[in-house]
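Here is a short tour of one protein chain and the ligand it holds. Keep the 3D view open and follow along from one section to the next.

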Amino acid sequence: MNSLTRRDQLWHLSQKSKVSVLIIGAGINGIATFRDLALQHVDVLLVDKGDFCSGTSSSSSHMIHGGLRYLENGEFRLVREAVQERNRLLQLAPHYVKPLPTMIPIFNWCSGIWETAAKFLGRSAPFSSSTVPQLVQSGVKGHQRGGAIVKLGLMLYELWNLPPIMTKIRMPNHRFQLRTSSLKQFPELSPDIVATAIYYDAVVLFPERLAIELVVETERMSQSANAINYLSVVGMSDSSRTVLLQDEVSGKQFQIQPELVINATGPWIDLTNKKLNQPTDFIGGTKGSHLVLDHPQLRESIGEHMVFFENDDGRIVLLLPYFDNVIVGTTDIRVDQPEVCCTQEEITYLLEMIGRVFPHIKVEHSQIVYTFSGVRPLPNDRGMESTGQISRDHQNKIVKQPGCSFPVFNLVGGKWTTFRTLAEQVTDQSLEFLGRRRCIDTRNLMIGGGKDYPFKDWKRWVDTVAGKYQVDPEIVRKLFNRYGTGAKTIIKHIWEPLLSKPSPHDKGKLNDFDFVDQTKSLSNASSYYVGEVRFIAEQEKVVFVEDFIRRRSNLALLGQDTPQLKAELTEIMADLLPC
Ligand SMILES: Cc1cc2nc3c(=O)[nH]c(=O)nc-3n(C[C@H](O)[C@H](O)[C@H](O)COP(=O)(O)OP(=O)(O)OC[C@H]3O[C@@H](n4cnc5c(N)ncnc54)[C@H](O)[C@@H]3O)c2cc1C
């Protein structure tokens, strides 16, 4: 078991010259591969230039899905794999991955047949993404998929909706509702619809937390696995065998000689390879942005359904209920650099899309409480006219530069949904390279707070924990919703000491914070507790306060990232952070 602090890990790194596998990039793909390799007892080091899950993996649409529209591109293998992984994740990470009823508004029955057939046969869609802003303004219409195509797509989609052998989860089948009953259920919906289709996918409510739980539990399970954030690969120290790493906090440099490098830097893959003296041109990324709206009327109008529809050029727009807010996405714009932000043009486009489906709902700019953007690490397919046609499947591109002592496995593409299978495939390839054999399978391994999840009777779980630590069951329920069964460790940490009051003798031995009321709510985010924040900061590799606001909690997505909150958290965590 490895429970080293970041400082200890860096000290060990300075004493160590070799590692079997160096994984560069701690997005979901790097993290999942780290976990799988560590489970096979491989000596593995995972590094990221920023925080864990701070790249593309923190800017997804939060869907765990098969990818209905990939059927049109003929990506049946991917859809089958993704649908089955969706069902599996509902079982393995039930605290974060939840069923998501999804509604598709349908404006006519027959349109889109030609476009779908053309796409399926490999011909370009009639409009490319680069022409979209003009199309939106000029109001060109008519390339949405009609009811017949949606029906066919959903029937195909559900062919693979089988429960994985060891799990029992299978999503309900789709249904169609005609206009009158659709408008009864969604009264704000455009009266131009002819029907709605309701089908089921899944949502991951806290993707960044799912990722950090994988990191932390992997280190706990393994002696030989280390994950360090804010540690960049900056180059090679000699041309052939030694990789140079830099601590982004102190500026200190380290050297390591890996047997194998896994480049999991998503949209940074080519830039990273340049640093490794192995130039490549694998990535042709597209940017996607999302808005988070605090808009009670819109939130009420969509209910618990994600609304999923097409823009006139066939690109997907989604409105996702996220606690009291609504996430609106997304764009799909070619870019040639990985650092991006949401532009005014994208905001205008996304707001206009809402009006297509809910024409009477007006959104003010002041209702946008947060925006986020990321770059899909898609394969370089610049010849493809429409970005929607670029494959979303993953592949491992192997590079071995003459004279270099290690090969580089490059993880191109991949979806959040399929992180486990991608990691499984890359781990098998790595084990083959290292001449080792798989000893543990991840197919049925529960994740983090999904362990011992009370599927049948969560209320009893809540009451038992509340009774044991004498805590208000409402607080236990809230923390259970946030951490699954991991809530019990946090509750024990905060409330157990209160069961036996410390004697004056003990008090002398404890530091000040043990006597600040750990059970107190934050003044600027009342659903969080002081003791909870300190526990997370200590146990989950928080380096900067921002890591907590954006990735250990969902406070940013809830629109609560304020200077006051930052100041409060800085004070609470001050003695725990490495800088
Ligand atoms: C807008 C959008 C919506 C999406 N929606 C969904 C969805 O709903 N469902 C779904 O399944 N998938 C979705 N995806 C796809 C999915 O999010 C990505 O495919 C996946 O997150 C890619 O993860 P990754 O680990 O490969 O890359 P990343 O998450 O980008 O990780 C790469 C990491 O490498 C690090 N790095 C870069 N250079 C260096 C260096 N020199 N040294 C050390 N570290 C370095 C970066 O800091 C980064 O953390 C979406 C993607 C986008 C952009």
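## Gln470 and its unusual phi

Gln470 counts as exposed because its relative accessible area is 64%, over the 50% cut-off. Please keep in mind that this is a predicted model. You will find Gln470 in the loop between α13 and α14. Its phi is near 50 degrees, a positive value in a residue other than glycine. Most residues other than glycine have a negative phi, and most peptide bonds are trans.

## The helix that follows: α15

Moving along the chain, helix α15 covers residues 487-499 and has 13 residues. From first C-alpha to last, α15 reaches 18 Å, close to the 18 Å expected at 1.5 Å a residue. Where does α15 bend? The bend is at His493 and comes to about 35 degrees, with a proline, Pro497, following within four residues.

The buried residues of α15 are Ala487, Ile490, Ile491, Ile494 and Trp495. An α-helix has 3.6 residues a turn, so residues three or four places apart point the same way. That is a handy thought to hold while you look at the covered side. What covers the buried residues of α15? The cover includes α13 (458-469), α14 (473-483) and α17 (530-539), and α13 and α14 are the helices on either side of the Gln470 loop.

## Around the ligand

Now for the ligand. There are 37 residues around the ligand, and Asp48, Ser57, Met63, Gly414 and Thr417 come nearest. Several elements contribute to this shell: α2 (28-39), β8 (231-236), β11 (286-293) and β16 (368-376) each supply at least two residues.

Which side chain has an N or O atom 2.5 Å from an oxygen atom of the ligand? That side chain belongs to Ser57. For Lys415, an N or O atom of the side chain is 3.4 Å from a nitrogen atom of the ligand. Trp416 takes part through its backbone, with an N or O atom that lies 3.0 Å from an oxygen atom of the ligand. The ligand taken alone exposes 1,000 Å², and the protein buries 97% of that.

## Two polar pairs

Is Asp547 buried or exposed? Asp547 counts as buried because its relative accessibility is 0%, under the 20% cut-off. This residue belongs to helix α18 (residues 545-552). The side chains of Asp547 and Tyr230 are joined by a polar contact of 2.6 Å. Apart from neighbours within four places in sequence, Asp547 is in contact with Asp51, Tyr230, Val542 and Arg552.

Arg77, in helix α3 (residues 76-92), also has an acid–base story to look at in the viewer. Its side chain forms a polar contact of 2.6 Å with the side chain of Asp393. Arg77 and Asp393 are 316 residues apart in sequence, yet 8.7 Å apart in space, C-alpha to C-alpha. Not counting residues up to four places away, Arg77 touches Asp393 and His394. With a relative accessibility of 35%, Arg77 counts as partly exposed.

## Loops worth a closer look

Gln401 sits in the loop between β17 (395-399) and β18 (408-412). At 27% relative accessibility, Gln401 counts as partly exposed. The C-alpha atoms of Gln401 and Ser240 are separated by 9.0 Å, although these residues are 161 residues apart along the chain. Beyond its neighbours within four places in sequence, Gln401 is in contact with Asn277, Gln278 and Pro279.

One of those contacts, Asn277, lies in the loop between α9 (269-275) and β11. Asn277 has a positive phi, near 60 degrees, in a residue other than glycine. Its relative accessible area is 40%, so Asn277 is partly exposed.

Which residues does a cis peptide bond join? They are Gly329 and Thr330, and omega is about -10 degrees. Thr330 has its place in the loop between β14 (325-329) and β15 (333-334).

## The chain as a whole

Stepping back, the protein chain contains 19 helices and 18 strands. Of its 579 residues, 59% count as buried. About 24,300 Å² of the protein chain is exposed, and carbon and sulfur atoms supply 53% of it. How much of the contact pattern joins residues at least 24 apart? Among contacts between residues at least 6 apart in sequence, the share is 73%.

Technical notes
Residues are numbered from 1 along each chain as its sequence is written. This is a predicted model: local features need pLDDT of at least 70, side-chain atom pairs count only at pLDDT 80 or more; totals for chains, interfaces and linings use all residues. Side-chain values use heavy atoms; hydrogens and water are left out. The expected span of a helix is 1.5 Å times one less than its number of residues. The bend at a residue is the angle between axes fitted to the seven residues ending there and the seven starting there. Buried means under 20% relative accessible area, exposed over 50%, partly exposed in between (1.4 Å probe, protein chains only). Contact means heavy atoms within 4.5 Å. A residue is near a molecule or strand if one of its heavy atoms lies within 4 Å of it. A polar contact is a pair of N or O atoms within 3.5 Å; within protein, one must be able to donate a hydrogen and the other to accept it, and residues adjacent in sequence count only if both atoms are side-chain atoms. Accessible areas come from the Shrake-Rupley method with a 1.4 Å probe; for residues, only the protein chains shown count as cover.
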